[in-house]
Amino acid sequence: MEDSQKKLAEHSGKSRLEKIGKTISFLCIAFIVFVVLSILYFVASKGIATFTKDGVSLIDFLTGKIWNPGSIGENGKPLTGALPMIAGSFIVTLLAAAVATPFAIGAAIFMTEISPTVGKKILQPVIELLVGIPSVVYGFIGLSVVVPFMRNTFGGSGFGIISAAIVLFVMILPTVTSMSVDTLKSVPRYYREASLALGATRWQTIYKVVLRSATPGLLTAVVFGMARAFGEALAVQMVIGNAALMPTNLITPASTLTSILTMNMGNTVMGTLENNVLWSLALILLVMALFFNILTRWIGKKGAMN
Amino acid sequence: MSEKVDLETHIIKMKPDASVDLSTKDLHVWYGQNEAIKGVTLEFEENKITSLIGPSGCGKSTYLRSLNRMNDEIQIARVTGEILYHGKDINTPETDVYEMRKNIGMVFQRPNPFSKSIYDNISFALKRHGVKDKNALDEAVETSLKQAALWEQVKDDLHKNALALSGGQQQRLCIARAIALKPDVLLLDEPASALDPISTSQVEDTLLQLKEKYSIIIVTHNMQQASRISDYTAFFYLGNVIEYDETRKVFTRPKIQSTEDYVSGNFG
């Protein structure tokens, strides 16, 4: 009796193991949090230096239309207007998402509702393959196929927003499709049965029941695609033309935040304004990534409430 | 009532003057190579409740699901034989299954309201079948909820999400949703098995009221339920109907030994 009571009060091998496990997993997560916070701090401190150290006003930065950080403008301040790139990034992202969404949802409906066997055996592997293709390959194809096509169709150089949007559309299509497929698959079978048993047709069931209850998931899929498009650098840089000009149409060279960043980061000296202002662009990208992240969470919560 | 008795099965036929809504002739269902229903011939009388009982896996749910062709949705399922609805075979490729399901409604084991309001749950099917008039929809919602004995409880919350209702209320909503289409046959697949005893008895009361207007075919595991509410009972075993007769006779004086064993609880 006393023996067993003693045992209960003691630390056993099992409880020690438990503690070791907890400690290890805590250390892992602490390390990850540390790395993330360091990156955030680094990007933010560098990016804010443009405004604190170099005296650029935030409004000039966000709304200025002329980008030439090496030169001084008429008002005696460096030309650091990032609006052309901000606009470029948003336009290519929205265009790519607008084109990709109907295709992705259509493909997902085919794979889950219309022909699950073909979907599983043929389309699923194809999509997984597409996700895995490196972006430089997409960019290369864009450069060799899309750009000449645009040149022949609309004239000009062929580089521009429309070429970038097409390349991004192909790039995000597999991501959005496979996430949409997962969402549609998670719609309970009994919703479909209930609808069919009420004499609704398959199309009515898909449109009014399956898609309705999958809406939050589908929105999340689209936002993920947009986040990917917004952050893609290499493939966009290869086809957009990289002219830091305010876009006036879709077929002349333009630029995005990422493309200007990749083009110029090797050509500036640490600590100078030219370098700091690139960090400010990076900071915008970071804030947007955070925004997309919060957006998907918000959609998820909204969806859970309904 | 002409009775056909042979060694293994005892299946009654309806009197010639009885009104039969639905019947099957030599109905077989295959899942791939596996024959789940091995030739079932049954007649269901109008405005009666017929129970389908039998041990798990005997095919009673499969049989019920083939009556409104819900087995079409299962890719490997194949249904042969005749399903006669008012004398017309509906087990043909030409049959408009969507129109047919309007007349042969179905309620499932697990309450499955949509994640929509109570009102929208009921108006959903009516809208799909082309009813647009707001007044007609309002009226159909009210009538069907009254018939399902749910109106008094939800009339002030028609725009509340249906998933907020209790299990028994959800199931009665599913019944209301099915009868809003004014079917004449209502198929129920163990509608009370996921419910507590109070909800169960509410659903049973609802069914007894509904039988004045509808022919009801119900699959149940609960033999008390079958004997309480049904007029006829069919005992399924290994894909065959072993005995089909008035409920009273099946439960008190079954003609076949295996029926007796099952209803008296010796197996199943």
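Two strands are treated as paired if DSSP finds at least two bridges between them. With that criterion in mind, the tour of this predicted model starts at a strand of chain B.

Select strand E12 of chain B, residues 240-246. Five of its seven residues are buried, so the strand is largely enclosed by the rest of the structure. Add strand E11(B), residues 232-237, which runs antiparallel to E12(B) and is joined to it over six bridges. Within this pairing, B:Phe236 has B:Val241 of E12(B) as its bridge partner. Next, select the turn of this hairpin, where two residues lie between the strands; here B:Leu238 adopts a positive phi near 50 degrees.

Now add strand E2(B), residues 10-12, which pairs with E12(B) in the parallel sense over two bridges. B:His10 stands opposite B:Glu243 of E12(B).

Widen the selection to the whole of chain B, which contains 10 helices and 12 strands. Its radius of gyration is 18 Å, close to the 18 Å given by the globule rule for 268 residues, so the chain is as compact as a globular protein of that length. The C-alpha trace spans about 55 × 45 × 40 Å along its principal axes, and 47% of the residues in chain B are buried.

Finally, move to chain A and select helix H6, residues 135-154, which bends by about 40 degrees at A:Gly142. A:Gly142 is also one of the buried residues of H6(A), alongside A:Tyr138, A:Gly139, A:Val146, A:Val147 and A:Met150. Display helices H7 (161-185) and H10 (234-240) of chain A to see what these buried residues pack against. After H6(A) comes A:Gly155, with a positive phi near 80 degrees.

Key: Residues are numbered from 1 along each chain as its sequence is written. Chains are lettered from A and ligands numbered from 1 in the order in which they are written. This is a predicted model: local features need pLDDT of at least 70, side-chain atom pairs count only at pLDDT 80 or more; totals for chains, interfaces and linings use all residues. The bend at a residue is the angle between axes fitted to the seven residues ending there and the seven starting there. Helices (H or I, at least four residues) and strands (E, at least two) are DSSP runs, numbered from the N terminus. A residue is buried if 20 or more other C-beta atoms lie within 10 Å of its own, exposed if 12 or fewer, and partly exposed in between; C-beta atoms are placed from the backbone. Two residues are in contact if their C-beta atoms, placed from the backbone, lie within 7 Å. The radius of gyration is taken over C-alpha atoms; the globule rule is 2.2 Å times the number of residues to the power 0.38.
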